Amino acid sequence: MRAMANKADYARAHGMSITWVAALLVASYDGAWNKLVYLHRLLRHELRKDMGARNDWLLWCDWDIIITDLGHELPLEDYEARGVRLVVGGDPAMLASGATPDCELRASPCLLLRTLPPSCVTLLLTCSSFA
């Protein structure tokens, strides 16, 4: 409960909407894979919207993440200026090489995705078989 309230407080402080998912969306994709199924569906939903109605970024935080600095501003404008479209935690050398295996996406407790079609290619390809 505390972790959920923490994320809700952060979202409220930064004018973000928040959605919770606890349901297993596809039985054959349990555990960390469920995160990718949900993000795949959410991205498809966002990409169907007109640009003006679309959320520019999606932030995923696992249920057990606690945000310790509720005033922290994500550097979205900096990411946009540099053309960053996907921010994933993990091994920096592996991520920098572009050889990001699906396990990095599954295991990352926080993901920040730009909702532009090119930004979603890795996730959509990784999740292309998700219903």
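**Exercise 1. Get your bearings**

What pattern does the chain follow when read along the sequence?

*Solution.* Keep in mind that this is a predicted model. Start by counting elements: there are six helices and three strands. Now put them in order, and the chain reads α-α-β-α-β-α-α-β-α. To round off the overview, check burial: of the 131 residues, 32% count as buried.

**Exercise 2. Map the largest pocket**

Work out how much space the largest pocket holds, which residues sit closest to its centre, and which elements line it.

*Solution.* Step one is the volume, which comes to about 1000 Å³. Step two is the lining: 36 residues take part, and the closest to the centre are Ile-18, Thr-19, Leu-59, Trp-60 and Cys-61.

Step three is to sort the lining by element. Helix 1 (2-13), helix 2 (32-48), strand 1 (57-61) and helix 5 (102-107) each bring at least two residues. Helix 2 gives the most, with seven.

Step four is chemistry. Split by class, the lining has 25 nonpolar, five polar and six charged residues.

**Exercise 3. Now the second largest pocket**

Run the same routine on the second largest pocket and find which element gives the most to its lining.

*Solution.* Volume again comes to start with: about 270 Å³. This pocket is lined by 16 residues, and the closest to its centre are Tyr-10, Leu-59, His-72, Leu-74 and Cys-110. Notice Leu-59 here, since that residue is also listed among the closest to the centre of the largest pocket.

On to the elements: strand 1 and strand 3 (110-114) each supply at least two lining residues. Strand 3 gives the most, with three. Strand 1 turns up in the lining of the largest pocket as well, again with at least two residues.

By class, you get 13 nonpolar, two polar and one charged residues.

**Exercise 4. A patch on the surface**

Which residues make the nonpolar surface patch of about 460 Å²? And is Trp-20 buried or exposed, or something in between?

*Solution.* The patch is made by Met-1, Met-4, Ile-18 and Trp-20. Ile-18 should ring a bell: that residue is one of those closest to the centre of the largest pocket.

Next, place Trp-20, which lies in the loop between helix 1 and helix 2. Its relative accessible area is 43%. Buried means under 20% and exposed means over 50%, so with 43% Trp-20 counts as partly exposed. Patch residues need over 30% relative accessible area, and the 43% of Trp-20 clears that bar.

Notes
Residues are numbered from 1 along each chain as its sequence is written. This is a predicted model: local features need pLDDT of at least 70, side-chain atom pairs count only at pLDDT 80 or more; totals for chains, interfaces and linings use all residues. Side-chain values use heavy atoms; hydrogens and water are left out. On a 1 Å grid over the protein atoms alone, a cavity is a set of points where a 1.4 Å probe fits but cannot get out, and a pocket is an open set with protein on both sides within 12 Å along at least five of seven lines; lining residues have an atom within 4 Å of a point. Grid points are joined across faces, edges and corners, and a volume is the space filled by probe spheres set on the points. Helices (H or I, at least four residues) and strands (E, at least two) are DSSP runs, numbered from the N terminus. Ala, Val, Leu, Ile, Met, Phe, Trp, Tyr, Cys and Pro count as nonpolar, Asp, Glu, Lys and Arg as charged, and the others, Gly among them, as polar. Patches are made of residues with over 30% relative accessible area and no salt bridge: like charges are joined within 9 Å, nonpolar side chains (Val, Leu, Ile, Met, Phe, Trp, Tyr) within 5 Å. Accessible areas come from the Shrake-Rupley method with a 1.4 Å probe; for residues, only the protein chains shown count as cover. A salt bridge is a side-chain nitrogen of Lys or Arg within 4 Å of a carboxyl oxygen of Asp or Glu. Buried means under 20% relative accessible area, exposed over 50%, partly exposed in between (1.4 Å probe, protein chains only).
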